[in-house]
Amino acid sequence: MTQCGVWWWARARRLWVLGLALVAFAALVATTQQSAAVPLLSLLSAVSVPVQLLLFAPVPVVAALGWCLDNRLPEAETIAVRPVRLTDTALAAATGFLAVAVTLALAMASNSSAAVAVGRDTCFLVGLMLCLRPVLGQGAVMTGPTWLAIVVFFGFAPDRALYRWTIVGHPVTSAPSLAVTTLTLAAGLTVLARSTRRSP
């Protein structure tokens, strides 16, 4: 894509919104990584469970990325010489990379591994959102909040531990969460790269 092409693509996608979301993400992680939690009712365990506020930090990034991808210039994007799908895919991959980079930097600054897990969770939710976009359309921006709501209400066992299927919220050392996250993000990027969806 030419420099001019990148310019109209960035303007069409309103990337400044994603930039603000990443700033908000960094602020949320920085302020909630020290074990701040709120008691919420888990429906399956029928008890109040302490839910880390850090769990919700990925929401602005995932929602903003989905919203930016849905901002389009259909007439310009029909021109074959402009690889818009590949540029969108690079944007999604870069968003995941930046989220991980931010959490790594904050983890090193605070000597806490909790923040790194949020970077992994963000990548999982980004991948899940991308996989669902062809089916849900603009509604895919709600993937993050919806998945986290499912986790809060149905993801806790009676002993207040998270089930493995939740993927998010597990320690950074969780190999299953990392493996599923890697596969989900790869699948989401593949779906985005091959998508023919040109309008919201």
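**Entry 1: T166**

I began in a loop: T166 sits between α7 (143-154) and α8 (175-194). A note to myself before going on: this is a predicted model.

Is T166 buried or exposed? I looked up its relative accessibility and got 0%, so T166 counts as buried, since buried means under 20%.

Next I checked what the side chain of T166 does. I found a polar contact between it and the side chain of H170, at 3.0 Å. Then I set aside the neighbours of T166 within four places in sequence and listed what T166 is in contact with: W147, V151 and G155.

**Entry 2: the whole chain**

I stepped back to see the overall layout. I counted eight helices and two strands in the chain. Following the sequence, I wrote the pattern down as α-α-β-β-α-α-α-α-α-α.

How much of the chain is buried? Of its 200 residues, 44% are buried. I also looked at the surface: the chain exposes about 9,800 Å², and 70% of that is supplied by carbon and sulfur atoms.

Then I turned to contacts with a separation of 6 or more. Residues 24 or more positions apart account for 70% of them.

**Entry 3: the largest nonpolar core**

I went looking for the largest nonpolar core and found that it has 46 residues. Which residues have the most contacts inside this core? They are V29, L65, L130 and V168.

I then asked where the core residues come from. At least two residues each are supplied by α1 (3-13), α2 (15-32), β2 (47-52), α3 (59-69), α5 (84-110), α6 (114-136), α7 and α8. The element that gives the most is α6, with 10 residues.

I picked V29 for a closer look. Not counting residues up to four places away in sequence, V29 touches L54, A57, T103, L106, A115 and V118.

**Entry 4: A64**

My next stop was helix α3, where A64 has its place. I noted a relative accessible area of 7% for A64, so A64 is buried.

What is A64 in contact with, once its neighbours within four places in sequence are left aside? I wrote down V17, L18 and A21. I also compared A64 with G19: the two are 45 residues apart in sequence, and their C-alpha atoms are 8.8 Å apart in space.

**Entry 5: a nonpolar patch on the surface**

After the core I looked at the outside. I found a nonpolar patch on the surface formed by L41, L43, I150, F153, F154, Y163 and W165. Together these residues have about 620 Å² of accessible area. Which element gives the largest share of the patch? That is α7, with three residues.

I took L43 as my example. L43 lies in the loop between β1 (37-42) and β2. Its relative accessible area is 46%, so L43 is partly exposed; the label fits because exposed would mean over 50% and buried under 20%.

**Entry 6: salt bridges**

A reminder for this page: side chains of opposite charge can pair when their charged atoms come close. How many salt bridges are there in the count? I noted three.

The R13 and D88 pair: their closest N and O atoms are 3.0 Å apart. R13 belongs to helix α1 and D88 to helix α5, so this pair ties together parts that are 75 residues apart in sequence. I checked both residues, and R13 and D88 are buried.

The R133 and D70 pair: the side chains meet in a salt bridge at 2.9 Å, N to O. R133 is in helix α6, while D70 is in the loop between α3 and α4 (74-77), and the pair links distant parts of the chain, 63 residues apart. I looked up the burial of each partner: R133 is buried with a relative accessible area of 4%, and D70 counts as buried at 7% relative accessibility.

The D121 and R120 pair: here the closest N and O atoms are 2.9 Å apart. With a relative accessible area of 5%, D121 is buried. R120 is buried as well, with a relative accessible area of 8%.

Notes. Residues are numbered from 1 along each chain as its sequence is written. This is a predicted model: local features need pLDDT of at least 70, side-chain atom pairs count only at pLDDT 80 or more; totals for chains, interfaces and linings use all residues. Side-chain values use heavy atoms; hydrogens and water are left out. Helices (H or I, at least four residues) and strands (E, at least two) are DSSP runs, numbered from the N terminus. Buried means under 20% relative accessible area, exposed over 50%, partly exposed in between (1.4 Å probe, protein chains only). A polar contact is a pair of N or O atoms within 3.5 Å; within protein, one must be able to donate a hydrogen and the other to accept it, and residues adjacent in sequence count only if both atoms are side-chain atoms. Contact means heavy atoms within 4.5 Å. A nonpolar core is a set of buried Ala, Val, Leu, Ile, Met, Phe, Trp, Tyr and Cys residues joined through side-chain atoms within 4.5 Å. Accessible areas come from the Shrake-Rupley method with a 1.4 Å probe; for residues, only the protein chains shown count as cover. Patches are made of residues with over 30% relative accessible area and no salt bridge: like charges are joined within 9 Å, nonpolar side chains (Val, Leu, Ile, Met, Phe, Trp, Tyr) within 5 Å. A salt bridge is a side-chain nitrogen of Lys or Arg within 4 Å of a carboxyl oxygen of Asp or Glu.
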